[in-house]
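Reader: Could you walk me through the terms used for this structure? I would like to see each label set beside its definition.

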Amino acid sequence: MLLKIGSLLLVLLITIYCIYHFYRNKDRFSGVIGIITALMIGISSAAIGFLLMLATNYQVLITTLICLVYTIGNGLLVRRLFPPEKGMNDILSGLIGALIGSVLGYSTFISNKPFLVIDIAFIVITYIALMYFDRQLASKSTENRSKKKNQKQASNVSTISLSAILIVIIVVLGLNVNQIKVGVIGQPQTQTASIDEENDMQVATIRVTASGFNPKNTTFQAHKMIKVNFEASIPKGTQIVLKSEDLKLNMNLKNGKNILLLDNPLEGKYQLTIEPTNATGTFTIKK
């Protein structure tokens, strides 16, 4: 939990610092402030969308609402701090970033690694962007005045372009929403059950979260009793059900250990499903 909160705070604090940096140097940035803030808010919103999707265990509605508030708030802040910027490009850029980040987050398996990767990537990208703009402005500070007349026209073009990109992304996601699978990126794939010689059975532990099964597939031997511990980690008030038509299984999972025993398993591949997320896993039983 601390890692999740810390990751979100890190992105927020760096974003606040960047906006403050732009504000303190707004005379130098006056020619390109709209581009810089839109880029920064887009990157920041993508990171926030990704992290929120994982931190809330794929709560799409909550993530969407927070991202909307975040992007609109940033747009209004830019409009207030950097007149005559209207903040529309910042809002559009933020929405595009939040959509992309949320979809990637929804498709990523929950673990500590994605939070660390996003934090490091956000720091590096932000640093490179700031360094680039600072160097460009230092070498072209004398050219900014001559470009002010064309800012309004360029802003209109960029607003139309960002709007078109946002619409395309929404349409593509809408048409392919059923193809987006929860927690498939970075999901551990396979393990082989160990043998408990004393009790003459096969033993395996499978961790279950909103992402699905960790690992996705477990391999067993045929005709030897199986004991599986489904170790569930789910938010309070949430109910998940383990189902398998192949095994005639319908099992409500509670937080902690959930033991499943299978006697004399036959060779084959058996599908498992977690509802309501529809995350899938398999038992592979070999000779």
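**Labels and their cut-offs**

Author: Gladly! Met-1, Ile-5, Leu-9, Leu-12, Leu-13 and Ile-16 make a nonpolar surface patch of about 610 Å². This is a predicted model, where local features need pLDDT of at least 70, side-chain atom pairs count only at pLDDT 80 or more, and totals for chains, interfaces and linings use all residues. Residues are numbered from 1 along each chain as its sequence is written, and side-chain values use heavy atoms, with hydrogens and water left out.

Reader: What makes Ile-5 partly exposed?

Author: Buried means under 20% relative accessible area, exposed over 50%, and partly exposed in between (1.4 Å probe, protein chains only). Ile-5 has 42% relative accessibility, so the residue counts as partly exposed.

Reader: Why is Cys-18 called buried?

Author: Its relative accessible area is 0%, so Cys-18 is buried. Cys-67, with 6%, is buried too.

Reader: How many disulfides does a search of the whole structure find?

Author: Zero. A disulfide is a pair of cysteine sulfur atoms within 2.5 Å. For Cys-18, the nearest cysteine sulfur, that of Cys-67, is 18 Å away, and Cys-18 is in no disulfide.

Reader: How do you know that the span of helix H5 agrees with what is expected?

Author: Helices (H or I, at least four residues) are DSSP runs, numbered from the N terminus. The expected span is 1.5 Å times one less than the number of residues. Helix H5 (residues 88-106) has 19 residues and should span 27 Å; its end C-alpha atoms are 27 Å apart, so the two agree. Among the buried residues of H5 are Asn-89, Gly-97 and Gly-105.

Terms used. Patch = residues over 30% accessible without salt bridge, like charges linked within 9 Å, V, L, I, M, F, W, Y side chains within 5 Å. Areas by Shrake-Rupley, 256 points an atom, 1.4 Å probe, with all protein chains shown as cover. Salt bridge = Lys/Arg side-chain N within 4 Å of Asp/Glu carboxyl O. Helix = DSSP H or I, 4+ residues; strand = E, 2+ residues; numbered from the N terminus.
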